[in-house]
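User: Pick out one buried spot in this model and walk me through its surroundings. Then show me how the ring side chains fit in, in plain words please.

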Amino acid sequence: MGTWVSQDAMWEMPAEKRIFGAVLLFSWTVYLWETYLAQRQRRIYKTTTHVPLELGQIMDSETFEKSRLYQLDKSTFSFWSGLYSEIEGTLILLFGGIPYLWRLSGRVCGYAGFGPEYEITQSLVFLLLATLFSALTGLPWSLYNTFVIEEKHGFNQQTLGFFMKDAIKKFIVTQCILLPVSSLLLYIIKIGGDYFFIYAWLFTLVVSLVLVTIYADYIAPLFDKFTPLPEGKLKQEIEVMAKSIDFPLTKVYVVEGSKRSSHSNAYFYGFFKNKRIVLFDTLLEEYSVLNKDIQESGVESHNDGEGDSEEIKAKVKNKKQGCKNEEVLAVLGHELGHWKLGHTVKNIIISQMNSFLCFFLFAVLIGRKELFVAFGFSDSQPTLIGLLIIFQFIFSPYNEVGK
């Protein structure tokens, strides 16, 4: 009987309290489940100390041990950073961090002469402050990951000055994209009438396609240098491989990724018949900035280091050997395989179907006052806050199922 009474009492709670409690409960349930899975994987890293038989022919013991220890450190970092993120998010909700930041944004707008009727302006200030808070709270974790974990395992190539300059530049570029796009989206929702969700979805579709198109040509070069891959055997082999699967290759670039990390990768971008391939210079020994610095210092990889400065010794120790052509082609072949199998197009279609459904459900729920009251907005229902509540919190079970 007591159990049924407590259940009845729970359902007699105001809707906004049930919504708030359900959001917190689901968030912690997902976090604990993902932590459990991560800890299972961590036990594998700890107990598997020898190269598995399946990898015996392609990986030596030293490489496997380095990889194992790196993954152990990464898993420890992920546990603590994930715990911090979950606690931070919970405290923000419990202590009304979102309505407080909205009120603060309103005061900032007031100082500039913008009243409550300038909701879009207040929304942009809110976004600026929220992203600034996120950047500042995430900075210590990013510093530790880069200058402790990545440095320990020989991957980091950044100086502190380069890191900070890069972080500031990323923040500024993000605001230059986020704020105009958000203001237009909010304006479309405001004037779109009953079918605003269709116009909002079409707008986000166009924006995503434009960003994908211009990213590598206009945004990425703000951070890294892109140069055409010179004529040679590797370029010929890449062109032959692309032709063998009818990949419409137009250009091949090398990106100067070695200024940040010695990790390697490759990717392609572009639409229709205008595809371009990008290789990290860490895949190609002769193009690595680190290796060029070593050569310009007059130090070869076989040098015993006697009489050299500590800086040169460190560069020789961390020198990236690069990959053979067939290894580069294997890395690139993996990426081109996604294109050949239609994964890129399929992912775009699925993501846009999901986006349309989310905007439709947002249109259905945006008028529910209890959603706003649940998160501390009893006197107003700002559109941006509705987007945040519905997309980030109310849709969280749906988003987890879709992962």
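**A buried valine and the ring pairs**

Analyst: Let's start with V254, which counts as buried because its relative accessibility is just 4% (buried is under 20% relative accessible area, exposed over 50%, partly exposed in between, with a 1.4 Å probe and protein chains only). Keep in mind that this is a predicted model: local features need pLDDT of at least 70, side-chain atom pairs need 80 or more, and totals for chains, interfaces and linings use all residues. Numbering runs from 1 along each chain as its sequence is written, and side-chain values use heavy atoms, leaving out hydrogens and water.

V254 sits in strand β2, residues 249-255 (DSSP runs, numbered from the N terminus, give helices, H or I, of at least four residues and strands, E, of at least two). From V254 to I277 you count 23 residues in sequence, yet their C-alphas are 8.5 Å apart.

Now for the rings. The structure has 23 aromatic pairs (Phe, Tyr or six-membered Trp rings with centres within 6.5 Å; planes under 30 degrees apart are stacked, over 60 edge-to-face, the rest tilted). F247 and F268 make an edge-to-face one, with 5.3 Å between centres and 80° between planes. F247 is in the loop between α8 (233-244) and β2, while F268 is in strand β3 (residues 266-269), so this pair ties together parts 21 residues apart in sequence. Like V254, which is buried, both F247 and F268 are buried.

Elsewhere, ring pairs join Y195, F196, F197, W201, F356, F359, F360, F362, F391 and F395 into a cluster.
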